[in-house]
There are 2 protein chains.
Amino acid sequence: MKISSFRPPDRILMGPGPSNVHPRVLEAMARPTIGHLDPEFIRMMDELKTLLRDTFLTKNDVTFPISGPGSLGMETAVVNMVEPGMKVVVCVNGAFGGRIKEMIGRHGGIPLVVEAPWGEPIDPAKLEEVLSQNKDTKVVAFIHAETSTGARSDVAALAKIARKYGCLTIADTVTSLGGIPVRVDEWELDVAYSGSQKCLSCPPGLSPITFSERAVNAVKNRKTKVQSWFMDVGLVLSYWSGAKRTYHHTAPINALYGLHEALLLVQEEGLENAWARHKKNAELFRAGLEKIGLKPFVTGEASLPELAIVTVPDGVDEAAVRNHLLNKFNIEIGAGLGQLAGKIWRIGLMGYTSNEKNVNLCLEALKDALKR
Amino acid sequence: MKISSFRPPDRILMGPGPSNVHPRVLEAMARPTIGHLDPEFIRMMDELKTLLRDTFLTKNDVTFPISGPGSLGMETAVVNMVEPGMKVVVCVNGAFGGRIKEMIGRHGGIPLVVEAPWGEPIDPAKLEEVLSQNKDTKVVAFIHAETSTGARSDVAALAKIARKYGCLTIADTVTSLGGIPVRVDEWELDVAYSGSQKCLSCPPGLSPITFSERAVNAVKNRKTKVQSWFMDVGLVLSYWSGAKRTYHHTAPINALYGLHEALLLVQEEGLENAWARHKKNAELFRAGLEKIGLKPFVTGEASLPELAIVTVPDGVDEAAVRNHLLNKFNIEIGAGLGQLAGKIWRIGLMGYTSNEKNVNLCLEALKDALKR
């Protein structure tokens, strides 16, 4: 096999992530690599933490990017907050809630599940029911924007109930951060993590995370060591905070240049303007879908502006439509996952992807695919 | 704080890693992001696996890059190969052996330590002694090139003894791969992992790993689930191999473009030519150090061409020398870690950094710093 330099095609990324990356972010990543303990790099890290705090709307000191994708951020949250034998309530209304449940079990916790059908938000009353029957629960985990179903849960309400029962919270904001409001401090979330490749317009590979003081104290007061060395936030922080930075692992330098630039773009646009842009383009897209006879799988309050979920019409070969979009229009859209495989398309309008031109192009392409 | 785009200085990276990144690798990383299930991306992944096999000198089917830095590769090796209650011999002659030991304990294994003083290689006879007294040992872990001390151990000899006692092996080749021979198949190593940012001239953030068929079978026959969901190689492979690729986590697309290009550069140069270049420049550097009166901390067979360890002369402020090199010459060299802090400099001539110009510049800079 003769191998040569890889030249990726120019795709319009309208799947559930990654979204298209802003050219300024790509350019930033190509700047010369420097050392992970270089004083200039440490200055950049401090700026990055400030930018992340502004994006998470938090004053949490412990706010930094995990050196791996969103799923590693998820496991970092779980492994630090969960101890063997601990009761943890996990809200499951899609694949990612299920993933948290699996992680809780692997790290020795006892997962108690609050369920909702795929495509629907978690009912806060159900969470309260489970907590009132399990008063020794320590942690509650939930997904803000379920990437597998496109359903938005009311994280503020869930967190309020968790606090009422003395629980710490883990919030997955992978597909929400930058696209819809995520108010870590106002909602008193304890651990929230996200991914770089969704509404932040950055390539995949980094997972911004933030820990409240309550969460940091809980980690400090663990009876057992965190089961993972790499994900032990107490160790990672020797590198990411404090006056003297000491080596833990080698940070992904150039990827962090990219995230710094991506967050700067969010700051330049203004977080509220970014939310408004996502909303406006989602409304345009929804109206267009209706015109061509396509129905949303998730509706109303629970729907996400950054991720439209479209029901595959009866008799339509969903994979053929996706292939047609990719091959003829260079547009990537996402398939259904798990129990929704074959039944839905997941169409992302996230970050840099969310603009009117892409909305119109995708609608044209869908129309073209469906008339065949 | 007014934050603007980050413009890193142009450093000559002569620490223990990261090394300088080839411009072609930086350029590759700035290409447009595509989806992690895009057919074109999957084709690139297959090429990447082929290039990695050629670099590890293995035919192992399970050879791919972990989506995180070398320490995550280390923990992936440990968490998959070690089960709770399992006896694991770990060879410790520096900080990284100590790190493996810590990980074994966190994942429920019982670490038995074979020690050597920092700066010396592991004595194969000592490994044999411990194994002959602990015949229920299942796994032996060792470091090929100890980045904290610059000592090279005889991995072929250690692996042979481990096999004699029916043990599987974990080999850390983070600072060896691409700089000195790493012969996974010839030495019958079972799990070997590396890092992208050393002799492969790629930014940090990825950890190439390879599993022998024996290792894959051991993972398949585990009695307990792998304690980490993210690092469970059985799950990760649903994405990295087989005819139908399914989503596990979102791969760091652009970082993988970079590794693909970096490995292509190794292939273009020829692996043996790369080893020869590292050796030649190391000899030049060693001769130059001698001329200016600096003494190597590691000598002879145990010394590494890609990482010179220099003893700080009595009465010299080691940090002042490093700062002088950084500020006047834009050269980064590394400090000592742990028990060697303040006593040594770690000077890397890895990958793209390893050339005659850098050798001479670093010698000039050291001379300049020492005469002050």
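**View 1. Superposition of chain A on chain B in the predicted model.** A turn of 180 degrees with a shift of 0.0 Å along the axis lays chain A on chain B at an RMSD of 0.0 Å, the fit being by least squares on the C-alpha atoms of residues with pLDDT of at least 70 in both. The two copies are thus related as by a two-fold rotation axis. This is a predicted model, in which local features need pLDDT of at least 70 and side-chain atom pairs count only at pLDDT 80 or more, while totals for chains, interfaces and linings use all residues. Residues are numbered from 1 along each chain as its sequence is written, and chains are lettered from A in the order in which they are written.

**View 2. The side of chain A that touches chain B.** In chain A, 66 residues are in contact (C-beta atoms, placed from the backbone, within 7 Å) with 66 residues of chain B. Among the elements of chain A that give two or more residues to this side are helix H1 (23-29), helix H2 (39-56) and helix H9 (253-269), and H9(A) supplies the largest share, seven residues. Of the contact residues of chain A, 100% recur in chain B, and the same surface thus serves both copies.

**View 3. The fold of chain A.** Chain A has 12 helices and 13 strands, which are DSSP runs (helices H or I, at least four residues; strands E, at least two) numbered from the N terminus. Buried residues (20 or more other C-beta atoms within 10 Å of their own, C-beta atoms being placed from the backbone) make up 59% of the 372 residues in chain A.

Terms used. Buried ≥ 20, exposed ≤ 12 C-beta atoms within 10 Å, placed from the backbone. Contact = placed C-beta atoms within 7 Å.
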